[in-house]
Amino acid sequence: MSHDVERTLMEDIRATLAKEKDFAVKQEAVFDVQYPTGFPVLDYTIGQRVHVFDDANGEEFDYDSIGIVDGSYNLVIGRSGCGKSTFIKQASANIIAPFPNGLIFEDSIEGGVTMSRNEFLIGMTTSQITKRMSIRNSGISTESCYKRIKTIYDVKTQTPEKYMYDTGLYDSSGHKIYKMVPTVYIIDSLAMLMPEKLTQEEELSGQMSSTAAAKQIARFFKQVIPLLKGANIILFVVNHITQAIDINPYQHTKTHNIYLDQGETCPGGVTPFYLANNIFKLYDNTKLSEDKELGICGNFVTFKIIKSRTSRSGVTVDLVFNQDTGFDPELSLYIMLKKEGLIKGAGAFLYLDGYPEQKFAQRNLKALLHTNEEFAQRFAELCYIVLHNSVKTPKILSADDNLNNTGVLSKLNNMIATQYSRQ
């Protein structure tokens with residue numbers, strides 16, 4: 001066989017796998033795509049800069065990949081009432097909005113948000129919600145959750161070409177990225193998720209039932225995680241932080257969960273934490289009132305990224321939570337600019353850096369953004385500069401680079417190879 005037609009081992013294996021009917025067997029990993037939640041301050045914090053080098057065409061460029069990664073599991077934790085469910089609703093709606101086949105499935109175990117508020121937060125009418133959203137609030141268990149997620153996976157992977165779309169993005173080698181349209185699945189909340197076999201009598205029996213439930217929840221996540229990436233199912237899970245009860249008030253129990261602080265506990269065991277792609281911890285200590293600050297009733301909610309697969313952990317961002325309308329992306333961007341020192345002046349005579357002609361008061365900011373096109377444009381430009389500069393530029397490797405064979409490691413590997421050659 002000539003060198004021109006000789007195939008490599010990898011090519012032979014891929015050709016054989018391509019004949020498989022099982023989509024999961026022949027599928028290979030596809031470059032990650034991220035979906036914006038509608039809150040740029042958060043999206044850029046968990047974003048990354050992708051460097052593309054198209055060797056075939058000699059093109060080289062970067063782009064910012066921001067938001068929630070396709071087929072990922074995202075855990076949102078915090079004390080009761082801090083905005084966990086509201087954030088997930090808004091983020092989910094923004095993720096699926098561009099896609100006619102983008103759907104939301106929600107298991108609202110705690111009863112959740114009323115339908116009228118649901119419509120407001122998601123930005124859909126009742127008829128639209130019926131077509132694009134499936135909500136359950138009874139008969140929910142680990143088993144039924146798994147069956148529904150498995151059904152979504154099966155339907156999408158049986159005819160994958162029907163749900164594939166061109167993302168318009170490129171992988172690092174310059175190849176176009178194709179994905180299935182995103183499907184969002186919400187579990188609200190993990191604290192109330194139980195296996196079917198756990199009867200009411202067992203639930204009342206205490207520690208033994210808690211351990212049994214935690215084991216079943218761990219099994220549920222281990223079964224579900226492999227399905228998410230294969231069908232681009234984005235899983236959002238709410239969990240509540242509660243205060244651990246110490247039997248001995250003079251001796252504090254050390255937490256067994258590295259993602260929680262001393263004295264904090266979350267139902268469901270540690271497995272849901274360890275398997276998560278992102279963990280967002282919400283704090284809502286700062287109150288806002290209508291007669292002060294931004295003229296709204298709500299909170300400054302700090303999102304702490306305590307685990308992330310796309311960016312470094314431990315960073316925090318502030319989002320503005322309006323009790324009437326949910327999280328406000330525009331006011332959150334304003335707070336970001338203020339922290340960056342790009343809001344000048346004081347009182348009723350504030351102005352954007354480089355644009356002193358237009359004065360404003362904090363309470364009038366949103367009205368100005370919606371009525372003054374020039375002001376809104378300058379505001380957006382400043383926001384983009386800050387957000388774009390916040391994303392790390394990746395180290396560009398040349399064809400000669402080998403991170404595992406440089407410096408001391410290279411010398412050590414040579415010594416090991418020489419030792420083997422003498423035996």
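**Note on helix 4, salt bridges and the second largest pocket**

1. Helix 4, which covers residues 84-96, has 13 residues and reaches 19 Å from its first C-alpha to its last, close to the 18 Å expected at 1.5 Å a residue. The model is a predicted one, and the values in the points that follow should be read with that in mind.

2. As to its surroundings, eleven of the 13 residues of helix 4 are buried, so this helix is largely enclosed by the rest of the structure. The buried residues include the charged-side-chain positions Lys84 and Lys89, and beside them stand Thr86, Phe87, Ile88, Gln90, Ala91, Ser92, Ala93, Ile95 and Ile96, which are buried in helix 4 as well.

3. Salt bridges number 17 in the structure. One of them joins Arg79 to Asp284, with the closest N and O atoms 3.0 Å apart. Arg79 belongs to the loop between strand 5 (73-78) and helix 4, whereas Asp284 belongs to strand 14 (residues 278-288), so the pair ties together parts that are 205 residues apart in sequence. The two partners can also be described by their accessibility: Arg79 has a relative accessibility of 40% and therefore counts as partly exposed, while Asp284, at 4%, counts as buried.

4. Strand 14 also holds Lys281, which forms a salt bridge with Asp261 at a closest N and O distance of 3.2 Å. Asp261 is placed in the loop between strand 12 (242-243) and strand 13 (264-265), so this pair ties together parts that are 20 residues apart in sequence. Here the acidic partner, Asp261, is partly exposed, with a relative accessible area of 39%, and Lys281 counts as buried at 2% relative accessibility.

5. A further salt bridge links Arg148 with Asp107, and its closest N and O atoms are 3.9 Å apart; the cut-off for a salt bridge is within 4 Å. Arg148 lies in helix 7 (residues 142-158) and Asp107 in strand 6 (residues 103-108), so the pair ties together parts that are 41 residues apart in sequence. Arg148 is partly exposed, its relative accessible area being 22%, against a cut-off for buried of under 20%, whereas Asp107 is buried with a relative accessible area of 0%.

6. Some of these contacts are not isolated pairs, and a network of salt bridges links Asp32, Asp70, Lys179 and Lys229.

7. The second largest pocket has a volume of about 610 Å³. Its lining is made up of 25 residues, and those that lie nearest its centre are Tyr44, Thr45, Arg312, Ser390 and Val391. By character, the lining of this pocket divides into ten nonpolar, nine polar and six charged residues.

8. Which elements each supply at least two residues of the lining of the second largest pocket? They are helix 3 (40-45), strand 2 (48-54), strand 16 (316-322), helix 12 (329-339) and helix 14 (373-390). Among the contributors, helix 12 gives the most to this lining, with four residues.

9. On the cysteines, a search of the whole structure finds zero disulfides. Cys145 is buried, with a relative accessible area of 0%, and Cys383 is likewise buried, with a relative accessible area of 4%.

Methods:
Residues numbered from 1 in each chain as written. Predicted model: local features only at pLDDT ≥ 70, side-chain atom pairs only at ≥ 80, totals over all residues. Heavy atoms only, no water. Expected span 1.5 Å × (residues − 1). Buried < 20%, exposed > 50% of the residue type's maximum accessible area, 1.4 Å probe, protein only. Salt bridge = Lys/Arg side-chain N within 4 Å of Asp/Glu carboxyl O. 1 Å grid on protein atoms, 1.4 Å probe; cavity = no way out; pocket = protein on both sides within 12 Å on 5 of 7 lines; lining within 4 Å. Points joined across faces, edges and corners; volume = space filled by probe spheres on them. Nonpolar A, V, L, I, M, F, W, Y, C, P; charged D, E, K, R; others polar. Disulfide = S-S within 2.5 Å.
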